[in-house]
Number of protein chains: 2
Amino acid sequence: MQISTKFTIAIHILAATEYFGKDMKVTSDLLSASIGANPVIIRGLMSDMKKAGLIETKRGPGGITITKPLDQITFYDVYEAVEKNKDELFHFHEAPNPNCPVGHNIHAALDDRLEKAQKHFEEDLKNYKVSDVAKDIHKLIKKEEAS
Amino acid sequence: MQISTKFTIAIHILAATEYFGKDMKVTSDLLSASIGANPVIIRGLMSDMKKAGLIETKRGPGGITITKPLDQITFYDVYEAVEKNKDELFHFHEAPNPNCPVGHNIHAALDDRLEKAQKHFEEDLKNYKVSDVAKDIHKLIKKEEAS
DNA sequence: TGCGATTGTTATTCATATTATTACATCAAA
DNA sequence: TTTGATGTAATAATATGAATAACAATCGCA
């Protein structure tokens with residue numbers, strides 16, 4: 001029961017692109033090295049985020065460009081872009097017995113509440129900006145360099 | 001990426017026990033039939049909920065007894081009792097590169113925010129009471145019987 | 001005391017989802 | 001047209017979830 005690594009990897013992609021993008025070309029191979037995940041996974045996430053309008057990619061010359069300022073990208077944007085099965089955070093058991101009065105009605109009694117909880121979770125994700133993560137990384141790196 | 005069926009099954013167990021408990025002995029086999037899941041799974045969840053103090057069980061004579069009034073059991077109590085890996089809702093990729101400044105600091109920059117989002121999710125689950133589900137089931141069954 | 005019923009628990013298998021890997025087509029720019 | 005990157009499919013490896021079988025442990029009752 002965990003949200004897949006795709007989510008944290010995608011945020012890592014954005015943060016690393018912001019950090020390295022000024023100085024060098026950011027490719028799936030470079031990101032793969034920073035993240036420690038397979039380049040194909042990175043490319044898949046790049047593709048997902050491209051479809052969601054968060055980044056631009058180019059073949060050949062390669063490299064990622066972030067299309068929106070990071071302070072306009074929330075955790076929810078990333079979550080929505082890359083996570084599968086996000087439509088149903090809760091997983092209902094398949095076959096409650098239709099001949100049992102409880103089994104027959106459990107769905108109706110539960111679904112609204114689960115949807116509400118899921119909605120609240122998603123809304124909360126909108127409160128975290130990727131730019132804040134990027135800022136913290138800059139700070140942490142500066143602190144390291146100073147010491 | 002889904003919360004396992006354990007959670008909804010556990011709520012089903014409580015609701016069915018409340019509904020049937022007055023009239024008959026509620027065993028893992030009975031629940032298994034209502035829920036459509038294997039009795040061993042049910043027993044495992046019974047055991048988890050027993051440890052969490054939500055129900056009492058007995059061998060031999062068998063049957064579940066709910067030890068707390070249902071309006072004192074929230075979705076969070078159930079979630080906490082049965083869900084594995086609930087300590088880390090978000091799944092970090094294992095091996096960010098320690099030699100990369102971003103890979104090296106991504107954890108520190110992200111963990112607090114992920115913990116906060118997780119905490120909010122858990123807090124929200126405390127707003128839903130199992131008794132409300134049970135009440136709705138009673139209502140729905142009565143409506144069916146009337147028609 | 002011994003029997004039947006039920007929970008408690010382990011081990012095994014099966015199914016599904018996640019991640020890694022290989023391979024190669026596609027495309028953009030020099 | 002060559003080079004270097006993305007895009008994507010197919011496959012394998014791994015992890016997790018769930019089903020199942022088997023049996024020990026326990027309780028109540030005759």
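Helices here are DSSP runs of H or I spanning at least four residues, numbered from the N terminus. In this predicted model, helix α4 of chain B covers residues 75–82 and carries both B:Tyr76 and B:Tyr79. The two tyrosines are 3 residues apart, about one turn of the helix, and both are buried.

Their rings also meet. B:Tyr76 and B:Tyr79 form an aromatic pair, with 6.3 Å from centre to centre and 40° between the planes. The pair counts as tilted because its angle falls between the 30 degrees below which planes are stacked and the 60 degrees above which they are edge-to-face. A search of the whole structure returns 17 aromatic pairs over all chains, and the pair of B:Tyr76 and B:Tyr79 is one of them.

B:Tyr76 has a further partner worth a look: the charged end of B:Lys126 sits over its ring, 4.9 Å from the ring centre. In chain A, the charged end of A:Lys126 sits over the ring of A:Tyr76, likewise 4.9 Å from the centre.

Turning to the assembly, a turn of 180° with a shift of 0.0 Å along the axis lays chain A on chain B with an RMSD of 0.1 Å. This is the relation of a two-fold axis. Within chain A, A:Phe121 has the C-alpha nearest the axis, at 2.9 Å from it. The contact between the copies can be described in a similar way: 100% of the interface residues of chain A are also interface residues in chain B, so the copies meet through the same surface.

Methods: Residues numbered from 1 in each chain as written. Chains lettered and ligands numbered in written order. Predicted model: local features only at pLDDT ≥ 70, side-chain atom pairs only at ≥ 80, totals over all residues. Heavy atoms only, no water. Least-squares fit on C-alpha atoms with pLDDT ≥ 70 in both. Contact = heavy atoms within 4.5 Å. Phe/Tyr/Trp six-rings, centres within 6.5 Å; stacked < 30°, edge-to-face > 60°. Buried < 20%, exposed > 50% of the residue type's maximum accessible area, 1.4 Å probe, protein only. Lys NZ or Arg CZ within 6 Å of the ring centre and 35° of its normal.
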